[in-house]
Amino acid sequence: MLENVKIIMDETSKQSLDTLRGNLSELLAPLEELPQRLDAKLDGIKDEIGNLSDDTRKRFEDLEEAMDLSPLRKDLRNLAEGQATLIKKLDAISKALDDFEASFTQIDWDSPIKKASE
């Protein structure tokens with residue numbers, strides 16, 4: 001009789017374990033899919049971070065290019081050199097006009113008229 005009870009208990013335990021396994025498998029099914037879903041989400045996040053990184057790098061390069069003052073300095077240097085050259089030319093013209101004026105004032109305008117009237 002004790003053997004029969006033991007078998008019944010074992011059969012009951014086996015049924016209980018089967019039920020527990022079934023219940024646990026239902027509960028664990030979503031957990032089995034979780035790594036795949038997480039991988040997909042992580043891949044999406046990696047792609048988004050990569051895109052943001054590329055965009056940030058491009059914006060930084062654009063900002064660096066915009067802040068690069070080398071072309072502006074070159075243009076300003078050329079402008080200053082052009083102005084210095086213009087000042088030298090204007091100075092030369094002024095000196096030539098001064099020399100012309102000095103030569104012009106040294107002419108004795110009355111002398112040829114006097115000689116012609118004599």
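A residue is called buried when its relative accessible area is under 20%, exposed when the value is over 50%, and partly exposed in between. The exercises below concern a predicted model.

**Exercise 1. Describe the fold, and state what share of the 118 residues is buried.**

Step 1. Take the secondary structure: the protein has three helices and zero strands. Read from the N terminus, the order of elements is α-α-α.

Step 2. Apply the burial cut-off, under 20% relative accessible area. Buried residues account for 0% of the 118 residues.

Step 3. Take the surface. The protein exposes about 11,400 Å², and 60% of that area comes from carbon and sulfur atoms.

**Exercise 2. Determine in which helix confidence is lowest and in which it is highest.**

Step 1. Start with the whole protein: the average pLDDT is 83, and 85% of the residues score at least 70.

Step 2. Go to the elements. Helix α2 (residues 70-106) has the highest confidence, at 90, while helix α3 (residues 110-117) has the lowest, at a mean of 63.

Step 3. Draw the consequence for reading the model. Predicted coordinates should not be read in detail where pLDDT is low.

**Exercise 3. Count the salt bridges, then work out how far apart in helix α1 Arg 21 and Asp 18 are.**

Step 1. The criterion is a side-chain nitrogen of Lys or Arg within 4 Å of a carboxyl oxygen of Asp or Glu. By this rule there are four salt bridges.

Step 2. Arg 21 and Asp 18 satisfy the criterion, with an N to O distance of 3.2 Å between their side chains. They are three residues apart in helix α1, so about one helical turn separates them.

Step 3. Classify the two partners. Arg 21 has 55% relative accessibility and therefore counts as exposed. Asp 18 is partly exposed, because its relative accessible area is 40%.

**Exercise 4. Treat the salt bridges of Arg 57 with Asp 54 and of Lys 58 with Asp 62 in the same way.**

Step 1. The side chains of Arg 57 and Asp 54 form a salt bridge at 3.0 Å, N to O. Their spacing is three residues within helix α1, which means about one helical turn.

Step 2. With a relative accessible area of 44%, Arg 57 is partly exposed. Asp 54, at 45%, is partly exposed.

Step 3. For Lys 58 and Asp 62, the closest N and O atoms of the salt bridge are 3.2 Å apart. Here the partners are four residues apart in helix α1, and about one helical turn lies between them.

Step 4. Lys 58 counts as partly exposed at 49% relative accessibility, and Asp 62 is partly exposed with a relative accessible area of 40%.

**Exercise 5. Identify which residues form the negative surface patch and which make the nonpolar surface patch.**

Step 1. A patch residue needs over 30% relative accessible area and no salt bridge.

Step 2. The negative patch is formed by Asp 39, Asp 43, Asp 47 and Glu 48. Asp 43 is located in helix α1 (residues 2-67). Its relative accessibility is 42%, so Asp 43 is partly exposed.

Step 3. The nonpolar patch covers about 720 Å² and consists of Leu 17, Leu 20, Leu 24, Leu 27, Leu 28, Leu 31, Leu 34 and Leu 38.

Step 4. Check one of these residues. Leu 34 belongs to helix α1. At 32% relative accessibility, Leu 34 counts as partly exposed.

How values were computed:
Residues are numbered from 1 along each chain as its sequence is written. This is a predicted model: local features need pLDDT of at least 70, side-chain atom pairs count only at pLDDT 80 or more; totals for chains, interfaces and linings use all residues. Side-chain values use heavy atoms; hydrogens and water are left out. Helices (H or I, at least four residues) and strands (E, at least two) are DSSP runs, numbered from the N terminus. Buried means under 20% relative accessible area, exposed over 50%, partly exposed in between (1.4 Å probe, protein chains only). Accessible areas come from the Shrake-Rupley method with a 1.4 Å probe; for residues, only the protein chains shown count as cover. pLDDT is the predictor's confidence in each residue, from 0 to 100. Patches are made of residues with over 30% relative accessible area and no salt bridge: like charges are joined within 9 Å, nonpolar side chains (Val, Leu, Ile, Met, Phe, Trp, Tyr) within 5 Å. Lys and Arg count as positive and Asp and Glu as negative; His and the chain ends are not counted. The place of a charge is taken as NZ of Lys, CZ of Arg, CG of Asp or CD of Glu.
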